[in-house]
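User: Hello! I am new to this structure and would like a close look at one part of it.

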Amino acid sequence: MRDWHSSVITRVAAGLVLCVSMASNCLGADAPKYHGRRVVGYYTAWSIYARKFGVPQIPAERLTHINYAFANVSPKGECVLGDPWADAQKTYPGDKQTDSVKGNFKQLLQLKRKHPHLKTLISVGGWTWSARFSDAAFTPASRQRFARSCVAFMKRYGFDGVDIDWEYPVAGGEPGNKTRPEDKQNLTLLLAEVRRHLDAQGKQDKRDYLLTIAATAGPDKIPNLEVEAIAHQLDWMNVMTYDFNGSWSARTGFNSP
C-alpha cells in the first residue's frame, strides 16, 4: 500500500489553492520546514488573466508541491493542453521565440530550478473538463490510451507526476457530463493503469513519479469511490473540503473546516 494521506484544501492568495497534508517522507535539505507536511498549491492557468497572478509570483519557498490546473481530456480520451497560450505559448521576459515551450510551463521549470525541493504535477480535468473521463476509463484500450498520453504529457512539459481531478464519477458535476454506474470501478482501473505507466517510466528514468487525485468531500459522492482500492494506487489524496457546505446547503455552515 502506498504512503496515503488526505489533504485539506483552502483558498489562499489570488490564483492559488493550498492543500496541507501530513506525511512522513523526507524532503530536500532546502525544503520549507513544515515538520513532514506536504503543502500543495493548485495553480490555475487562468490566473494570468483577470487576477494577474503569474507563476513567478508563487511563494514556492512555502510550498512542497504545485498542481497545475488543468490539462483537458480530448475527444480521443487523451491528456491535452487546456489553454495552449497560457500553458506553453505566452512569452515572458527572457523567452526566445525559438523556445519550443514557453508560457506557464517554462516558468514552472524555472521556479523549480530556483527551489530544487519543489515538485510539480499536471492536474487533469477539473469541474469544467471532466465530461470525457467516463469514456476514457471505460475499456482497457481507452484506459491505456489515456494513461500513455498523461505520462507523455508529463514528460514533455517537465512535470513530476499526474493529478486526476474527475468531478465526478457515477453522478454529479457539470450538466451534460457523461457518467456511468461502472465509473466507480472504472476509476480504480484507470488509476491503476496510470500508476503502471508512471512506474514503468520511473524505472526507465531511475526516479519516482507521483500519482494523486482531487477527491470529493461530499457524503453523497464518496460512496461512488472505491476508496480503499484507490489508496493502493496513489501517493496521496487532495480532499476538496471546501465542498462541505455552500450555496446548495439548507442551513448555514462553514464551507471548509
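In which kind of crossing, left-handed or right-handed, does helix 4 pass helix 5?

Analyst: Happy to help. Residues are numbered from 1 along each chain as its sequence is written, and side-chain values use heavy atoms, with hydrogens and water left out. This is a predicted model, in which local features need pLDDT of at least 70 and side-chain atom pairs count only at pLDDT 80 or more, while totals for chains, interfaces and linings use all residues.

Helix 4 passes helix 5 in a right-handed crossing. A crossing is called right-handed if the near helix is turned clockwise from the far one by less than a right angle, and left-handed if anticlockwise. Helices (H or I, at least four residues) and strands (E, at least two) are DSSP runs, numbered from the N terminus.

Now for the geometry. The axes of helix 4 and helix 5 (residues 183–205) come within 9 Å and cross at roughly 45 degrees. That angle makes helix 4 oblique to helix 5. Axes here are lines fitted to C-alpha atoms, for helices over the stretch in contact, and angles run from 0 to 180 degrees between N-to-C directions. Angles under 35 degrees count as roughly parallel, over 145 as roughly antiparallel, 65 to 115 as roughly perpendicular and the rest as oblique.

Which residues make this contact? On helix 4 they are Arg143, Gln144, Phe146, Ala147, Arg148, Val151, Met154 and Lys155. Helix 5 brings Asn186, Leu189, Leu190, Glu193, Val194, Arg196, His197, Leu198, Gln201 and Asp205. Contact means heavy atoms within 4.5 Å. By type, the residues of this contact divide into eight nonpolar, four polar and six charged. In that count Ala, Val, Leu, Ile, Met, Phe, Trp, Tyr, Cys and Pro are nonpolar, Asp, Glu, Lys and Arg are charged, and the others, Gly among them, are polar.

Helix 4 also takes part in a disulfide, a pair of cysteine sulfur atoms within 2.5 Å. A search of the whole structure finds one, and this disulfide joins Cys79 to Cys150, with 2.0 Å from S to S. The pair links distant parts of the chain, 71 residues apart: Cys79 belongs to strand 5 (residues 79–80) and Cys150 to helix 4 (residues 140–157). Both Cys79 and Cys150 are buried; buried means under 20% relative accessible area, exposed over 50%, and partly exposed in between, with a 1.4 Å probe and protein chains only.

Tyr157, within the range of helix 4, is touched by Leu109, which also touches Gly158, leaving aside residues up to four places away in sequence. Leu109 sits in helix 2 (residues 103–114) and is partly exposed, with a relative accessible area of 29%.

After helix 5 comes a loop leading to strand 8 (210–216), and Lys206 is found in it. Lys206 has a positive phi of about 60 degrees although it is not a glycine. Lys206 is also exposed, at a relative accessible area of 76%. Before helix 5, the loop from strand 7 (161–165) holds Tyr168, and a cis peptide bond joins Glu167 and Tyr168, with omega about 5 degrees. Most residues other than glycine have a negative phi, and most peptide bonds are trans.

Finally, the wider setting: the chain's secondary structure comes to six helices and nine strands, and 52% of its 257 residues count as buried.
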